[in-house]
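New notebook page. I want to get my bearings in this fold, one lookup at a time.

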Amino acid sequence: MTVIKRSIFVALVPLVFAMSSGSALAHGDVKCTTEPKEKWRPHTELEAKLVKEGWQIRRMEKTTSCYEVYAKDPKGKRVEAFFNPVTFERVEE
């Protein structure tokens, strides 16, 4: 790696991390349920339901109160969606 490429890389890495952490913080307010985790249905059930509805799932994560889904919806639009882990209802931000 040349000195110029290395300096550009070193300058961009903190910027990329700063931008990605900002998006994570923006979703910290989403509340899906107050039910204890013992009542949560398996995320694989939600995934199967969404796939049957035409979603293309890229990734799923558990937050403190939601299932967070990164996918393409049935219309082909890339989305980050939150679902109640007990009812599987979609929760708007």
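Is K49 buried, exposed or partly exposed? I looked it up: K49 has a relative accessible area of 33%, so I put it down as partly exposed. A reminder to myself that this is a predicted model.

**Entry 1: salt bridges**

I stayed with K49 and looked for its partner. Its side chain meets that of E53 in a salt bridge, 2.7 Å from N to O. E53 comes out at 41% relative accessibility, and I noted it as partly exposed too. The structure holds 4 salt bridges, and I wrote up two others besides this one.

R41 bridges to E45, and the closest N and O atoms there are 2.9 Å apart. I checked both ends: R41 has a relative accessible area of 32%, which makes it partly exposed, and E45 is partly exposed at 37%. K39 and E35 also meet through their side chains, at 3.5 Å from N to O. For E35 I got 33% relative accessibility, so partly exposed again. The cut-offs I used: under 20% is buried, over 50% is exposed, and anything in between is partly exposed.

**Entry 2: the sheet**

Next I traced the strands. I found an open sheet of 4 strands in the order β1-β2-β3-β4, paired antiparallel. Why do β1 and β4 each have one side without a neighbour in the sheet? They stand at the edges, each with a single partner strand, so nothing in the sheet flanks the other side.

Then I went pair by pair. β1 covers residues 56–62 and pairs with β2 over 6 bridges, in the antiparallel sense. The two strands make a hairpin with 4 residues between them. Across this pair, M60 stands opposite V69 of β2.

β2 and β3 are also antiparallel, joined by 6 bridges. I picked out E68 here, and its bridge partner in β3 is F82. This hairpin has 5 residues between its strands, and G76 takes a positive phi near 90° in it. β3 and β4 run antiparallel as well, with 2 bridges joining them. There I found F83 opposite R90 of β4.

What packs on this sheet? It is α2, which touches β1, β2 and β3, and its direction makes about 155° with that of β1.

**Entry 3: the core**

I looked at what lies inside. The largest nonpolar core has 12 residues, among them W40, L46, W55, M60, V69, F83 and F88. α2 (43–52), β2 (67–72) and β3 (78–83) each supply at least two of its residues. I also noted a second, separate core of 5 residues, which includes V30, C32, F82 and V91. For background, I jotted down that nonpolar side chains tend to be buried together in soluble globular proteins.

Which residues does L46 touch, leaving out those up to four places away in sequence? I listed M60, Y67, V69, F83 and F88.

Last, I asked how many residues of β2 are buried. The strand is mostly covered, with 5 of its 6 residues buried.

**Looking back**

Some residues turned up in more than one entry. M60 and V69 stand opposite each other across β1 and β2, and L46 touches both. F82 is the bridge partner of E68, and I had it again in the second core. F83, opposite R90 in β4, belongs to the largest core.

Notes:
Residues are numbered from 1 along each chain as its sequence is written. This is a predicted model: local features need pLDDT of at least 70, side-chain atom pairs count only at pLDDT 80 or more; totals for chains, interfaces and linings use all residues. Side-chain values use heavy atoms; hydrogens and water are left out. A nonpolar core is a set of buried Ala, Val, Leu, Ile, Met, Phe, Trp, Tyr and Cys residues joined through side-chain atoms within 4.5 Å. Buried means under 20% relative accessible area, exposed over 50%, partly exposed in between (1.4 Å probe, protein chains only). Contact means heavy atoms within 4.5 Å. Two strands pair if DSSP finds at least two bridges between them. Axes are lines fitted to C-alpha atoms, for helices over the stretch in contact, and angles run from 0 to 180 degrees between N-to-C directions.
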